[in-house]
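Welcome to a short tour of this protein. Take a moment with the sequence and the picture below, and then we will look at a few places together.

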Amino acid sequence: RALQFKERVEGSGRNFDVHSYGSLIGHYAKHRQVGSAIMMLKECVAVHDSPPNEYSLNALRRLCRHQDLTEHVGLNELAGPDPLEWRREGEAIYKREMSKTGRRGVLLPGNKSVHI
């Protein structure tokens, strides 16, 4: 239905902007249609010379990461690197520091007044 809507809009003489492409990409990604979402992303980059915003690409990035398709489809080359990748890498490394066991010897600012 999304492709029919796109054809109907373009048939009436109007063009899609970056936000409209982002909505279509998000729709395809939420319905687990990776090929259609990548096709729309390639078309968006070809027409507008830039990918849609990260909010629109979030579902597609998550779907590609879960299916291990990020390098295969070339998502980083099309839309740039994932801005939240540093957080995912850091969570794995520093997970223990935020647990109760990892911070048992740390006096937090709110706790210092209690320990005086």
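Setting aside residues up to four places away in sequence, Asp 82 touches Glu 54, Arg 61, Arg 65, Asn 76 and Arg 88. You can find Asp 82 in the loop between α6 (75-79) and α7 (85-94). Please keep in mind that this is a predicted model. Is Asp 82 buried or exposed? Its relative accessibility is 14%, and because buried means under 20%, Asp 82 counts as buried.

Asp 82 also leads us to the largest pocket, since its name appears in the lining. Alongside Asp 82, the lining includes Arg 61, Arg 65 and Asn 76, which are also among the residues that Asp 82 touches. The rest of the lining is made up of Cys 64, Asp 68, Leu 69, Thr 70, Glu 71, Leu 75 and Glu 85. The volume of this pocket is about 190 Å³. Sorted by character, its lining residues are three nonpolar, two polar and six charged.

Which helices supply at least two residues each to that lining? They are α4 (54-66), α5 (70-73) and α6. The top contributor is α4, with three residues.

Now let us visit another buried spot. Ala 37 sits in helix α3, which covers residues 34-48. With 0% relative accessibility, Ala 37 counts as buried. Beyond its neighbours within four places in sequence, Ala 37 is in contact with Ile 25, Tyr 28, Ala 29 and Leu 60. The C-alpha atoms of Ala 37 and His 27 are 8.1 Å apart, and these two residues are ten positions from each other along the chain.

Here are the two buried residues side by side:

| Residue | Place | Relative accessibility |
|---|---|---|
| Asp 82 | loop between α6 and α7 | 14% |
| Ala 37 | helix α3 | 0% |

Aromatic residues offer one more stop. The structure has two aromatic pairs, and Phe 5, Phe 16 and Tyr 21 form one aromatic cluster.

Finally, step back to the whole chain. It has eight helices and zero strands, giving the pattern α-α-α-α-α-α-α-α along the sequence. Of its 116 residues, 28% are buried. Among contacts with a separation of 6 or more, 49% join residues 24 or more positions apart. The accessible surface of the chain is about 8,600 Å², and carbon and sulfur atoms account for 52% of that surface.

Definitions and conventions
Residues numbered from 1 in each chain as written. Predicted model: local features only at pLDDT ≥ 70, side-chain atom pairs only at ≥ 80, totals over all residues. Heavy atoms only, no water. Helix = DSSP H or I, 4+ residues; strand = E, 2+ residues; numbered from the N terminus. Buried < 20%, exposed > 50% of the residue type's maximum accessible area, 1.4 Å probe, protein only. Contact = heavy atoms within 4.5 Å. Areas by Shrake-Rupley, 256 points an atom, 1.4 Å probe, with all protein chains shown as cover. Phe/Tyr/Trp six-rings, centres within 6.5 Å; stacked < 30°, edge-to-face > 60°. 1 Å grid on protein atoms, 1.4 Å probe; cavity = no way out; pocket = protein on both sides within 12 Å on 5 of 7 lines; lining within 4 Å. Points joined across faces, edges and corners; volume = space filled by probe spheres on them. Nonpolar A, V, L, I, M, F, W, Y, C, P; charged D, E, K, R; others polar.
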